Amino acid sequence: MESIAINGGKVYADGYLIEANVLVEDGKIRTITKEDVKGDIIVKAEGRLVLPGAIDVHAHINDPGYLYREDFESASRAALMGGMTTFVEMPLVKDIDDEASFLERKEMGERASYIDFGIHAGFMREKNYTRIEELSKIGLKTFKVFTCRPFRALDEHIIRMFEASRKTGSMLLFHAEDEAILDYYFEKYSERRDQLCVHDARPADAEALAIEKVATYAKLTGGKAHIVHLSSRLGVEAIISAKKSGVDISSETCPHYLVFTKKDAEKLGPYLKMAPSLKEEKDRLALWEALEKGYVEMVTTDHAPGTKEEKNIGYSDPWKAWGGVPGVATMFPVLFTYGYMKGLISLSSLVKAVSANPARRFGIEGKGFIAVGYDADIIIVDPYKEIKFDGSKVYKVGWSPYDGMSMRGFPEHVISGGEIAVQDYEFVKKTRGKFVYQKPS
């Protein structure tokens, strides 16, 4: 493997931007110094930010039944274009709940993914909740659980899962919405066909109540909880309350909750249908504030693309449209443009949210930092370069809710596993990534 010298950039290391040069050898960061470094490949980084590659711990990538939407190869290529160098595969429809299903997905990733990847187990519910111990023995330490449809786990099973996860050093990840509240609103709004019906049917109260219950169970059992795709101010308040009471709980939000509100669905319609739903402007701003203050530790994509045909059906009946959006190519640029450049979060908070914190909380060793001995997953960003995004050139499904939006933060160069993966904004990577185990902390 050729060595790479990154010269002249502002390197984010030890929590600060420093003027330094970086030497990459054998896939690792070997030197960070103010002295000149030489390598087989020279990357000139004057006027650029040199940052750790983004990590997405919640991406629906490669469900065997939906490969026409996305697969490891197409998703990892798109991810690299946006500065993402590691993602963790989340089950979409087909469960990953035994050794055979785990090995099937792992082998698919090893054959096709251009970036390093992990795998979450799930969905854990009545039929498989007792398997946490056996799955932990093969190295799966993170388990996806729903508190509501379509893969709802009953409360009594959630408590037992927490107990099993505590004993095995595992962590439970929750889609947190209260089923009774959803039942009430789905029935109440069932006759509506306006584009906001699917958003109004998933109110913030449902998210907050589910988080409060999960936090209570985690506190009673001593288990670790992580709330996925946090969407509301009430959800943030429930997280803060749980932390103050001593619960071992973390959370993530997604770029779409930080940029869009349900008013945008009046224009983009089913292309902004997702679960949880979009909320109000006050919720959007509360999520940015929570990221800056560290109450919400990280950002993920919840990447779950559907085809245009699966979305367009929602114009006549929003209830039938696929719920989910593509996001791996835009997570970092969206946060850079609409968070950092607008002064809503600092660069330090941004790097923590997309790199350091997911690596720490999920125990992804050797990643999330530019430090000697760490994996050479590095992005080099011209902070003033603006690019108009076009999902038809990036995603297998050919669209993005960010289509036509001009953003900064797209990496000029990406180094993944010590290899040039993106050069002058063009994809060039040839080798595949590797599977990484998680050890939640």
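Contact here means heavy atoms within 4.5 Å. This is a predicted model, where local features need pLDDT of at least 70 and side-chain atom pairs count only at pLDDT 80 or more, while totals for chains, interfaces and linings use all residues. Residues are numbered from 1 along each chain as its sequence is written, and side-chain values use heavy atoms, with hydrogens and water left out.

**Exercise 1. Place Thr431 and work out what it touches.**

Step 1: find the segment. Thr431 sits after β19 (426-427); helices (H or I, at least four residues) and strands (E, at least two) are DSSP runs, numbered from the N terminus.

Step 2: check the exposure. Thr431 has a relative accessible area of 40%, so it is partly exposed; the scale is buried under 20%, exposed over 50%, and partly exposed in between (1.4 Å probe, protein chains only).

Step 3: list the partners. Skip residues up to four places away in sequence and you get Tyr114 and Glu419. With Glu419 there's also a side chain to side chain polar contact at 2.3 Å. That term covers a pair of N or O atoms within 3.5 Å; within protein, one must be able to donate a hydrogen and the other to accept it, and residues adjacent in sequence count only if both atoms are side-chain atoms.

Step 4: add a distance. Ala421 is 10 residues from Thr431 in sequence, and their C-alpha atoms are 9.0 Å apart.

**Exercise 2. Compare the end-to-end span of helix α11 with what its 13 residues should give.**

Step 1: get the expected value. The rule is 1.5 Å times one less than the number of residues, so for residues 281-293 the helix should span 18 Å.

Step 2: check the model. The end C-alpha atoms of α11 are 19 Å apart, which agrees.

Step 3: look just past the end. Gly294 follows α11 with a positive phi of about 85°.

Step 4: see what is tucked away. The buried residues of α11 are Asp283, Arg284, Ala286, Leu287, Trp288, Ala290 and Leu291.

**Exercise 3. Describe how α8 packs on α11.**

Step 1: geometry. Helix α8 (residues 233-244) meets α11 at an angle of about 35°, and the axes are 8 Å apart. Axes are lines fitted to C-alpha atoms, for helices over the stretch in contact, and angles run from 0 to 180 degrees between N-to-C directions.

Step 2: residues. From α8 come Arg233, Leu234 and Val236, and from α11 come Lys282, Asp283, Ala286, Leu287 and Ala290.

Step 3: character. The tally for this contact is 5 nonpolar, no polar and 3 charged. For that count, Ala, Val, Leu, Ile, Met, Phe, Trp, Tyr, Cys and Pro are nonpolar, Asp, Glu, Lys and Arg are charged, and the others, Gly among them, are polar.

**Exercise 4. Decide how enclosed α13 is, then find the hubs of the largest nonpolar core.**

Step 1: count. In α13 (residues 331-340), 9 of the 10 residues are buried, so the helix is largely enclosed by the rest of the structure. Among them are Met331, Phe332, Tyr338 and Gly339.

Step 2: go to the core. A nonpolar core is a set of buried Ala, Val, Leu, Ile, Met, Phe, Trp, Tyr and Cys residues joined through side-chain atoms within 4.5 Å. The largest has 97 residues, and the most contacts inside it belong to Phe87, Met161, Phe162, Phe174, Ile227 and Ile249.

Step 3: note the other one. A second, separate core of 17 residues includes Val11, Ala376, Ile378 and Ile380.

**Exercise 5. Hunt for backbone oddities.**

Step 1: recall the baseline. Most residues other than glycine have a negative phi, and most peptide bonds are trans.

Step 2: cis bonds. Gly122 and Phe123 are joined by a cis peptide bond with omega about 5°, and Phe123 is in the loop between β8 (116-119) and α3 (132-137). Ala275 to Pro276 is cis too, with omega near -5°; Pro276 lies between α10 (265-268) and α11.

Step 3: positive phi. Asp302, not a glycine, has a phi of about 50°, and at 12% relative accessibility this residue counts as buried. Asp424 has a phi near 55°, but is partly exposed at 48%.
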